[in-house]
Amino acid sequence: LGDGTLRSPPSWAIAPGAEDIAEPGRDRMATDGFACPEFAVAQGGDILTITTMRIRLSIALTGLRCRWAQRVGDDWQVMAEDRPTQAYDFGWWDGRAHHYLVRRPGERYFGLGERSGAMDRSGRRFRLTNLDPMGYDAATSDPLYKSIPYVLTAQADGSCHGAFYDTLARATFDFGQELDNYHGPYRHMVADHGDVDLYMIAGPDPLSVTKRFTWLTGRPALPPRWSLGYSGSTMTYTDAPDAQRRMAEFIAGLAAHDIGCTSFHLSSGYTSIGDKRYVFHWNRDKFPDPAGFAASYAEAGVKLVANIKPALLLDHPQIDAVQGGGMLIIGPDGAPSEAQFWDAPGVYLDFTNPATAAWWRGQVTTALLDHGIAATWNDNNEYEVWDARARIHGFGTPRAAAEALPLQPLLMMRASRAAQIAHAPAERPYVVTRSGMAGLHRYAQTWSGDNRTAWPTLRHNLKMGLGLALSGVSNSGHDVGGFSGPAPDAELLIRWVQAGILMPRFSIHSWNDDHTVNEPWMHAQATPAIARLMALRQTLTPFFYDLLHRYARDYEPMLRPLWLDHPGDSGAWQDSDDHLIGRDLLAAIVVESGATTRAVRLPGVDDWYEVWSGRPHRGGAIVEVAAPLDGPPPLLARAGSGIFVDLAKGGFRPGPPERGVWLFPPVGDGDFGWEAIEDDGESVDAPLTRWRIEGRAQGDRIDLAVSRTGEEDDDTLTILLPAGERRRLFVTGGAIEMNDARDRPGVKVTRAG
């Protein structure tokens, strides 16, 4: 706010608990969706103080210096405070919006969405604009594909708060790289356009902050369960002149190696004319019968997710129609604003014009969905528009394109999702996007873009996924095996697949320099190990699906750094290659060549089990766990937890689901519990089945009470216990034979009635 009027366009990020925002966006002064708690206002001299139960804001009426505090127990603790000197500029200096805060000793900074390097952003500067940096260095490259101007700040004692700048402009965040003798230690945000529109989020624990920010930016989408299966992909197949035959070979390969696959991301080669891409055009030489092709994949149980792009080359068959309809980003003379796109100049669609979204929905329907394509892969949507004179429709309020560039991919995926809903209203839509902004999780799954095949990429991609999860976007993954560069050798591919099966999105995708294809069977000596890992992913799908439900229902991040659940454990804050999947499963991914074991520091004070051996360990201990190349990834489960599993035969034609729970009871005496959710995996209004186990370990026995609510016909649950468990197991809740765990590691429980 400079002269008392808003300069920023309406918000498309703030959607408290909502699944969508209505056009033209949310009024920035709106309070709907918020609780609007009781507050007190007091003034003492030049200081105005506003206090609620959780947060207190003190404002210096001269100079507008703000200080935020949060309640920690019975005390107030300062969260953040403006720099004493020149904390704000609303455009007077250079037309940009500036905000400077004190950089306090011991502070650490996380978030900003998808960023390279260590998770702690301290001492670095980041440029938030969406870019297509194919083959990026996951340790140093900046900018990347997604930008979320949200910072989770952790103080030296582990207490946390969040700060979200609701801007659609390009922005820069500096966390201490810049120093200026006249101002003391500071950090700052500078947005190229608009206002300083800041949301401060109290904690003090980091999990509460993360959940509140996710809620603030909207309810996560709940896609169908098949979106959690292995998804094949490569540019090589669809670039080939005999693309449909190459695609058939992939299905044959799955069958030959007995590897399960639920979807295939169809790269843009299907749209080619010559060597260029033309969105919504089918190359009938490569794909003579798109509907028949889609049907052949459906028969194999594999959904097709087609690549679509928001830019048209100047000779696109439909260029006259979109230009005549005013659907393009334009220059100052009203002509389309040209930008470099792939191998030729192109023009970007302007989704702030409702006519563009309507045209897009129609094209998605007639070119893709009507042919049997199941879902959309929204790609190359970074909107690299560098002409400062470019203009957009702005829902009837024209403005500079640069004021809202990250909004374009959000509206693109929103339009794609709307088309899918209209086409199959009873089914949950599945949308994938490469680029985006805060709120993208309301519509789509995402991944870390066109990464480079290298060991450091594997390590830092894991951290990039955690940064996204802290920024509200948990349903993500990476191109397993690496997208660009050399083909992965057998060791790297296996280690990447070990990591991939533990991500919400699991896709092997590639465009290798030597035109080879990253496939599960690309290295004969590695194929048996990879096939076993693929089957393990099928076993773990109920676990991930339950996490997806918790994410959509309770805003619980699916992937989490260790400190998110253990903020009081100073060792958990150390940068490592370990992370949590949900609250109870610790993944220790191997990210270095030649390793056969992994050192893991276990967080907190709880006991942990090595999942595969059953060995228990105390929290806080540093343990060496086995990490064989031909085995499953090292996993540890928190004592008192459980993993929901499917014990049916996996592979290309998996057997009927066989529900199970792998319980990890307390190492000693104690009460524990487990619960999980399931449904039909596809329907919009599918009824939920909720499973719950209440347990007690005491002496030489473990007692379980199993209950279930819901309408599933099959009410059988197989209970598994860790290897080496010697206590007797007793189960109530139906007509159950009590079994001794020493004689049988799994107990089938069939509830009476």
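Tutor: Two strands pair if DSSP finds at least two bridges between them, and with that in mind we can begin with strand 10 and strand 11 of this predicted model.

Student: Which residue in strand 11 is the bridge partner of Leu152?
Tutor: Strand 10, which covers residues 150-154, pairs with strand 11 in the antiparallel sense over five bridges. The two strands form a hairpin with five residues between them, and Gly158 in the turn has a positive phi of about 95°. Within this pairing, the partner of Leu152 in strand 11 is Gly162.

Student: What is the order of the strands in the open sheet of four strands?
Tutor: Strand 8 and strand 14 are the edge strands, since each pairs on one side only. Four bridges join strand 8 to strand 10, with Tyr109 placed opposite Thr153 of strand 10, and another four join strand 11 to strand 14, where Tyr165 has Leu198 as its partner. The pairing is antiparallel, and the order is 8-10-11-14.

Student: How is strand 11 placed with respect to the rest of the structure, enclosed or open?
Tutor: In a regular strand the side chains alternate between the two faces of the sheet. Here Cys160, Gly162 and Phe164 point one way from strand 11, while His161, Ala163 and Tyr165 point the other way, and all of these are buried. Because six of the six residues of strand 11 are buried, this strand is, with respect to the rest of the structure, largely enclosed.

Student: At about what angle to strand 11 does helix 1 run?
Tutor: Helix 1, residues 206-216, lies across strand 10, strand 11 and strand 14. The sheet itself has a twist that averages 25° from one strand to the next. The angle between helix 1 and strand 11 is likewise given as about 25°.

Student: Which helix gives the largest share of the largest nonpolar core?
Tutor: In soluble globular proteins, nonpolar side chains tend to be buried together. The largest core in this model has 158 residues, and those with the most contacts inside it are Phe250, Leu349 and Trp360. Leaving aside neighbours within four places in sequence, Leu349 is in contact with residues including Pro310, Val322, Met327, Trp359, Trp360 and Tyr383. The largest share of this core, 13 residues, comes from residues 527-554, that is, from helix 10.

Student: How many residues does the second, separate core have?
Tutor: Among the members of this separate core are Ile59, Cys66, Tyr88 and Met200. Its size in residues is 23.

Student: How are helix 9 and helix 10 oriented to each other, roughly parallel or roughly antiparallel?
Tutor: Helix 9, residues 490-500, packs with helix 10 at an angle of about 5°, and their axes are 10 Å apart. In this contact Leu493, Ile494, Val497, Gln498 and Gly500 of helix 9 meet Ala529, Ile530, Leu533 and Arg537 of helix 10, and the residues divide into six nonpolar, two polar and one charged. Angles under 35 degrees count as roughly parallel, and helix 9 and helix 10 are therefore roughly parallel.

Student: Which residue of strand 37 stands opposite Leu586?
Tutor: An open sheet of six strands, with antiparallel pairing, has the order 30-31-32-37-34-35, and its edge strands are strand 30 and strand 35. Strand 32, residues 585-588, and strand 37, residues 635-638, run antiparallel and are joined by three bridges. Opposite Leu586, strand 37 places Leu636.

Note on methods:
Residues numbered from 1 in each chain as written. Predicted model: local features only at pLDDT ≥ 70, side-chain atom pairs only at ≥ 80, totals over all residues. Heavy atoms only, no water. Core = buried A, V, L, I, M, F, W, Y, C linked by side-chain atoms within 4.5 Å. Buried < 20%, exposed > 50% of the residue type's maximum accessible area, 1.4 Å probe, protein only. Contact = heavy atoms within 4.5 Å. Axes fitted to C-alpha atoms, helices over the stretch in contact; angles between N-to-C directions. Parallel < 35°, antiparallel > 145°, perpendicular 65-115°, else oblique. Nonpolar A, V, L, I, M, F, W, Y, C, P; charged D, E, K, R; others polar.
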